[in-house]
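Student: Could you take me through one part of this model slowly? I'd like a close look at the aromatic rings and what sits around them.

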2 protein chains.
Amino acid sequence: MSRVKNAVILAAGIGSRLRSIHNDKPKGFLSLNEKPIIEESISRLIYSGIQNIIIVTGYKREFYESLTKKYPFVKTINNDFYESTGSMYSLWKANELIEKDFILLESDLNYELNALQVIMNSKEKNLILLSGKTAAGDEVYVGVEKNKIVNMSKNISEIKNLGGELVGISKISFELYQKMFAHSELQFEKNKNYHYEDCLTDLAASNEINYKVIEDLAWIEIDDEQHYKRAVEVINPLIIKRDSEIQFSKKVERNILLNPGPATTSDAVKKALVVEDICPREKEFGDLVEGIRKDLVKVVHGEDTHEAVLFASSGTGAVEACLTSVIPENKYVLIINNGAYGKRMQQICEGFNINQIKFDVSFGDPINLLQLRSIVEKNKNKLSQIAFVHHETTVGILNPLDEISKMAEEYNLEIIVDAMSSYAGIPIDVTKYKVQYLIASANKCIQGMAGISFVICDRDSLNKTALYSRRNFYFNLFDNFTFFTKQKQMQFTPPVQIFYALRQAINEYFLETGEGRSKRYFEMYEVLKKGLRELGFKFLVDEQHHAKILTAVIEPENQNYDFNEMHDFLYDRGFTIYPGKGAKVNTFRIANMGELFTEDIYNFIKVLKEYLIIKKLI
Amino acid sequence: MSRVKNAVILAAGIGSRLRSIHNDKPKGFLSLNEKPIIEESISRLIYSGIQNIIIVTGYKREFYESLTKKYPFVKTINNDFYESTGSMYSLWKANELIEKDFILLESDLNYELNALQVIMNSKEKNLILLSGKTAAGDEVYVGVEKNKIVNMSKNISEIKNLGGELVGISKISFELYQKMFAHSELQFEKNKNYHYEDCLTDLAASNEINYKVIEDLAWIEIDDEQHYKRAVEVINPLIIKRDSEIQFSKKVERNILLNPGPATTSDAVKKALVVEDICPREKEFGDLVEGIRKDLVKVVHGEDTHEAVLFASSGTGAVEACLTSVIPENKYVLIINNGAYGKRMQQICEGFNINQIKFDVSFGDPINLLQLRSIVEKNKNKLSQIAFVHHETTVGILNPLDEISKMAEEYNLEIIVDAMSSYAGIPIDVTKYKVQYLIASANKCIQGMAGISFVICDRDSLNKTALYSRRNFYFNLFDNFTFFTKQKQMQFTPPVQIFYALRQAINEYFLETGEGRSKRYFEMYEVLKKGLRELGFKFLVDEQHHAKILTAVIEPENQNYDFNEMHDFLYDRGFTIYPGKGAKVNTFRIANMGELFTEDIYNFIKVLKEYLIIKKLI
């Protein structure tokens, strides 16, 4: 499902018809503008998002090899027999470096950027780019049928139904490459002067090799003086003009993330990332942040009493901000740990030498409230806060915010709730439950992107911390808050683009409404629960404690079962599942947060069932 | 230059011709699908990036007012005289809430999403959307000339050159609205039944009001039973089909950021943000992070000796990470402060109670190396590190990395360099200069986006810190490093999209080459220096100490000079400049980092000159 990131450039050939122009350089080192055409091609590939470029060298290899010193994303491999072999031998040779799908190009091409965009945005796994008529003199004609190629030939009479002319830019899947590799090895026994076009023709009947025509594509392959002249006078000026006008386009597949965040986002949230560059010290950006601060508080109904303090960090950063800023020096925090995130709170306090009382529960068990009460009672004089995780995603348990909050109030303690994976997914009212500090991040149920975390603070509680002796700097809650209120800005440089995406995500939350969002999540959970049960799975946590946003599923005890294999099977089909994490029994985990719908869960169950049948697990 | 974020919906009308269908509801509450058409319109606006929606109510206002409770981005204002006034009266009334450019819509429209995309992506400040022939029966025809509208009328005989039919979706600049407001007030004295179409016609001759035709736009205004039937049977199904197929498009203007980062980025870096959702615990993402870690080190030539440790935070986060992780408990760090960022290092050590010796220099003065040596000599037994800022953007000074590094080596001390605004802009070699810790972030001269910071650490030095007693958690350098090497992942959730942008930015850095980048920056600096001098400006820092990436300019002593006014004049024209920060003399600052070119600096000087002339400052 992932985008092509690799390119292979065939550059072994001699180009004897061009000697008069380029002297002793290989063809790719002809120049039409400032840089040789091979470097222009590399630029286009990089601007299109290609990350690794393999060049197959031969004639005058040292020219191409010099590029690897300049560009760390370029690797070369040599075809020693370039004088007597065809292009397929070069491509066969590149086997040592090819591990993924790739774009295949020839070294002597001058082409417009649009050629790469079209081919990279296409869904087809194997795609041959064709153009309209060029009259270049050495055209390779491509015969097609429906959406597939049939054959290629320089002899037009061999073509039954002409699709267009071969440009020399193609997308080749790793799967097809492996077949080409195997097939060509057999051919080489008879004939090493075998070309990749011939190989594609040979494999066309038994493989899905699609094509795409761009009728008026600006491109030229420079093989002789005539071509060079045409490139200089006609094609290159056209390419410069078109490339300067290009509007970047990119198609994005929809993946179904069933990991507990970062969650699947909407298309509009993704596109909201792309904005005009702006200095975050501008008022315009300050207004954006201020609006987001207000609306994040609205989600939990604290607009009259609470303030949101935002950080550029992961969610853990905001947990650290809260714990290192609000516990008075001479007091203790009681930390409930029934999962990895409760434990992390304890680790933060250890890192900073903050006084804590630990209440440890097996991962997977609910909190025993009587036991909690007796610990609180015993320590009531030294405690200032109770800290815990609302939805503990280690196991998918929902800890009882209402009852713990009531108990805290009774003992005049504040509560610190890590609501990372419940905020905006499960209805929370910070005034009804008296929550002094609620911590969450942008990339979970609010459906924005990772990079922003926040603490929603009771204003009066927060103001009290102004005089506490400092343990931190970047994450000081009160100082960051003061900066917002005085300067209307983030104290430290914010992740600008992630803020625009969060703005869009919050708007979409309100559009769906809080009730609508949790209803959608819970409906997905019901479909998931039923589906998993029907497949014979059991759950780690008692149903009454399910958070309904993540479900920890007990792993089958069957030698055919292998989590990684199951994961990869699903991943290849667009579904991302998550391993377990230190629960009392081995589990894997399925979350149902993000821009997902019951239909996605039905599809997931269907694909999971397929896998279980193949592996004889059901 | 900024995108339209506001919409005004005119919803005061009675819609008497529709009584039979919608009983006692106002027109916007007709339903074609699940939700009333007004709510469908709101959804389309939100998905298109609109952030504030003003509805002008009248007939049955309580229906629309109920939306404000559901949607915090909706505000209403009432036209009390809706029975006797035209639509311009409603729009005039909205004056209390209109502060910016907006999209104007009618409440009874059913339309495809593409209508909003086209109008929001247009450069024109005032744009009236037209469609081809609808034969609806009550068309408003629009007369045009060149790219401007001339008049509008329901009587086609009044139209000289037909542009198309008015859809009822328009972009109105705040400037035009103010004129409409003033003009309509005069009209109301004679006639309150005055419509916004009439007002636009009246103002068309003296204002640039453009139009855009979408020939086959799917849309309908529902005014009577006939329309309703057509909406149900033809238009609405077409809209559903087209909206489901839409490819989001967005045009992004190029802003010239002359603030010291976040810097202007390339289009390809911006588009790299938009990727398929991925769980950052997947191997695919781990590989991305690993590649970035390696390449960040390559930029400063430390591939054999150094390791990059990345954080989800602003640059300050990485400074905190370094200072709180690498100074042994019983040792002192000497911190040189000749600008706000040197001072910030001192503040971090104060926040964490880390032993430090402060060397304070006036903001704007270079470091006196003899003085530094004598402080080092005096404290040589207790010191472990010297920490300083390489390019101090408070004043644009370049502190001498080579000489300080030599001195540190002599005394067997490590150095901690905040190279936030020099990394990738000024050549640095961490092995030649013996830099143990170099700190930078993604959004400066490497030309990525904010959200990722990093420390490039000498491996041996870093490994020594494994046993140091901990002062931190989120920012522990060694623990985060260990997580990379053991798990091939970030320890805490990374800002996924910012990583993809950074990958692209690094590739573009290597494409340009290190020499190419600093050459480009320094050429811009020369143009800037010359241009500012010719305009009579003086610089804070002696030229020999200029970093050549930021220049602090002394503010003119002239009562006509006002920084904010100058800033706003330039900002409106796409140039962002930056105020001074605590230097010994008042300054403003101009940076030349990011995807900018000498041409941009020439243009900046030209626009600055315009301003100075207008204000009689030259």
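Tutor: Sure, and keep in mind as we go that this is a predicted model. Counting over all chains, there are 54 aromatic pairs in the structure. Let's zoom in on one of them, A:F29 with A:Y64. Their ring centres are 5.1 Å apart and the planes make an angle of 65°. Anything over 60 degrees counts as edge-to-face, so this pair is edge-to-face. Now look at where the two partners come from. A:F29 is in the loop between α1 (19-22) and α2 (37-47) of chain A, while A:Y64 belongs to helix α3 (residues 61-70) of that chain, so the pair ties together parts that are 35 residues apart in sequence. As for the surroundings, A:F29 and A:Y64 are both buried.

For a contrast, try A:Y177 and A:F181. Here the centres lie 6.3 Å apart with the planes at 45°, so this pair is tilted. Both residues sit in helix α6 (residues 174-190) of chain A, and because they are four residues apart there, about one helical turn separates them. A:Y177 has a relative accessible area of 1%, so it's buried. A:F181 comes in at 18% relative accessibility, which also counts as buried, because the cut-off is under 20%.

Back to A:Y64, since its helix has a packing partner. Two packed helices are described by the angle between their axes and the distance between the axes. For α2(A) and α3(A), the angle is about 40° and the axes are 11 Å apart. That's why α2(A) counts as oblique to α3(A). The crossing of α2(A) past α3(A) is right-handed. And who does the touching? From α2(A) you have A:I38, A:E39 and A:I42, and they meet A:Y64, A:L67 and A:K70 in α3(A). So A:Y64 turns up twice: in the ring pair with A:F29 and in this helix contact.

Rings can gather in bigger groups too. One aromatic cluster takes in residues from chains A and B: A:F311, A:F473, A:Y474, A:F475 and A:F492, along with B:F311, B:F473, B:Y474, B:F475 and B:F492.

Finally, a ring can have a charged side chain over its face. A:K548 lies over the face of A:F522, at 5.5 Å from the ring centre. In chain B, the face of B:Y111 has B:R44 over it, at 5.1 Å from the ring centre.

Terms used:
Residues numbered from 1 in each chain as written. Chains lettered and ligands numbered in written order. Predicted model: local features only at pLDDT ≥ 70, side-chain atom pairs only at ≥ 80, totals over all residues. Heavy atoms only, no water. Phe/Tyr/Trp six-rings, centres within 6.5 Å; stacked < 30°, edge-to-face > 60°. Helix = DSSP H or I, 4+ residues; strand = E, 2+ residues; numbered from the N terminus. Buried < 20%, exposed > 50% of the residue type's maximum accessible area, 1.4 Å probe, protein only. Lys NZ or Arg CZ within 6 Å of the ring centre and 35° of its normal. Axes fitted to C-alpha atoms, helices over the stretch in contact; angles between N-to-C directions. Parallel < 35°, antiparallel > 145°, perpendicular 65-115°, else oblique. Left-handed = near helix turned anticlockwise from the far one by under 90°. Contact = heavy atoms within 4.5 Å.
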